[in-house]
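Biologist: I am new to this structure and would like to learn how to read it. Could you take me through its features one at a time?

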Amino acid sequence: MRSKRAIRTTAKRHFIDPSIAAATLRADANKLMNDFNTFGYLFESLCIRDLRVYADSMDGKVYHYRDQLDIEVDAVIQLKDERWGAVEIKMGAGEIEKAAENLIKFRDNIDVTKMPEPSFLMVLTATEYAFQMGNGVWVVPLACLRD
């Protein structure tokens, strides 16, 4: 994205099937409910897998973004026609506001003379309802993703 800031280039790894990690850890539903950090990592891998499947069906790619200022976005979806969007992944409703603020901060640091503005900003969640916040950020449950 030709940022003025140094962008970290180390790849972020995700499981294709997060249930493999859960099985390896012998993490049943009770263990995961008592360890929300681990549950969150597995949920993020599940979301990234789904985003990659849907992006691929539109000839797009999914990237992770992190720069020298520690602005980080879980997923940046880029299509061949240069449209793109940014996604933060959060399990609970209590994290949505902070994730939306992070997306706005990220968007405000994009040099729009070199890159178009994002088509959307989205918080992908495990909550029940999809809606658009007053700041334009979409909150979308994982179950709403489809072709």
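Biologist: Which element gives the largest share of the lining of the second largest pocket?

Modeller: That share, 4 residues, comes from H3. Bear in mind that this is a predicted model. The second largest pocket has a volume of about 350 Å³. It is lined by 17 residues, and those closest to its centre are Tyr54, Met58, Ile77, Phe120 and Leu145. Two or more lining residues come from each of H3, S3 and strand S4 (120-125).

Biologist: How many residues of that lining are nonpolar, polar and charged?

Modeller: The lining of the second largest pocket divides into 11 nonpolar, 3 polar and 3 charged residues.

Biologist: What is the volume of the largest pocket?

Modeller: The largest pocket holds about 520 Å³ of space. Its lining has 19 residues, with Glu44, Asp74, Ile89, Lys90 and Glu95 the closest to the centre. Helix H3 (36-57), strand S2 (72-78), strand S3 (84-89) and helix H4 (96-108) each give two or more residues to this lining. Here too H3 is the element to look at, since the largest share, 6 residues, comes from H3. By kind, the lining of the largest pocket has 6 nonpolar, 4 polar and 9 charged residues.

Biologist: H3 keeps coming up. How should I read a helix?

Modeller: Start with the general geometry: an α-helix has 3.6 residues a turn, so residues three or four places apart point the same way. Then turn to the case at hand. H3 has 22 residues, and the distance from its first C-alpha to its last is 31 Å, close to the 32 Å expected at 1.5 Å a residue.

Biologist: Which residues of H3 are buried?

Modeller: The buried residues of H3 are Leu42, Phe43, Glu44, Ser45, Cys47, Ile48, Asp50, Leu51 and Ala55. Their cover includes helix H1 (18-24), helix H2 (29-34), strand S1 (61-66), S2, S3 and S4.

Biologist: How does H4 compare with its expected span?

Modeller: The 13 residues of H4 should span 18 Å at 1.5 Å a residue, and the end C-alpha atoms are 18 Å apart, which agrees. Buried in H4 are Ile96, Ala99, Ala100, Asn102, Leu103, Ile104 and Phe106. These residues pack against S1, S2, S3, S4 and strand S6 (138-141).

Biologist: Cys47 was in your list for H3. How do I tell whether a cysteine is bonded or free?

Modeller: A disulfide is a covalent bond between the sulfur atoms of two cysteines. The distance between sulfurs is therefore what to check, with a cut-off of 2.5 Å. This structure holds 0 disulfides. Cys47 is in no disulfide, and the nearest cysteine sulfur, that of Cys144, is 12 Å away.

Biologist: Why is Cys144 not bonded to Cys47?

Modeller: Because the sulfur of Cys144 is 12 Å from that of Cys47, the closest cysteine sulfur, which is too far for a bond. Their surroundings can be read as well: Cys47 is buried, with a relative accessible area of 0%, whereas Cys144 counts as partly exposed at 37% relative accessibility.

Biologist: What should I look for in the backbone angles?

Modeller: Look for a positive phi in a residue other than glycine. Asp70 has one, near 65 degrees. Asp70 sits in the loop between S1 and S2 and is partly exposed, with a relative accessible area of 46%. In Glu82 phi is near 80 degrees, again positive in a residue other than glycine; Glu82 belongs to the loop between S2 and S3. Just after H3, Asp59 also takes a positive phi, of about 60 degrees.

Biologist: Last, how do I read the segment before H1?

Modeller: Compare separation in sequence with distance in space. His14 is in that segment, and its C-alpha is separated by 8.9 Å from that of Tyr41, 27 residues apart along the chain.

Biologist: Which residues does His14 touch, leaving out those up to four places away in sequence?

Modeller: His14 touches Glu44, Ser45, Ile48 and Arg52. Arg13 is found in the segment before H1 too, and counts as exposed at 72% relative accessibility. Arg13 and Arg66 are 53 residues apart in sequence, while their C-alpha atoms are 14 Å apart in space.

Terms used
Residues are numbered from 1 along each chain as its sequence is written. This is a predicted model: local features need pLDDT of at least 70, side-chain atom pairs count only at pLDDT 80 or more; totals for chains, interfaces and linings use all residues. Side-chain values use heavy atoms; hydrogens and water are left out. On a 1 Å grid over the protein atoms alone, a cavity is a set of points where a 1.4 Å probe fits but cannot get out, and a pocket is an open set with protein on both sides within 12 Å along at least five of seven lines; lining residues have an atom within 4 Å of a point. Grid points are joined across faces, edges and corners, and a volume is the space filled by probe spheres set on the points. Ala, Val, Leu, Ile, Met, Phe, Trp, Tyr, Cys and Pro count as nonpolar, Asp, Glu, Lys and Arg as charged, and the others, Gly among them, as polar. The expected span of a helix is 1.5 Å times one less than its number of residues. Buried means under 20% relative accessible area, exposed over 50%, partly exposed in between (1.4 Å probe, protein chains only). Contact means heavy atoms within 4.5 Å.
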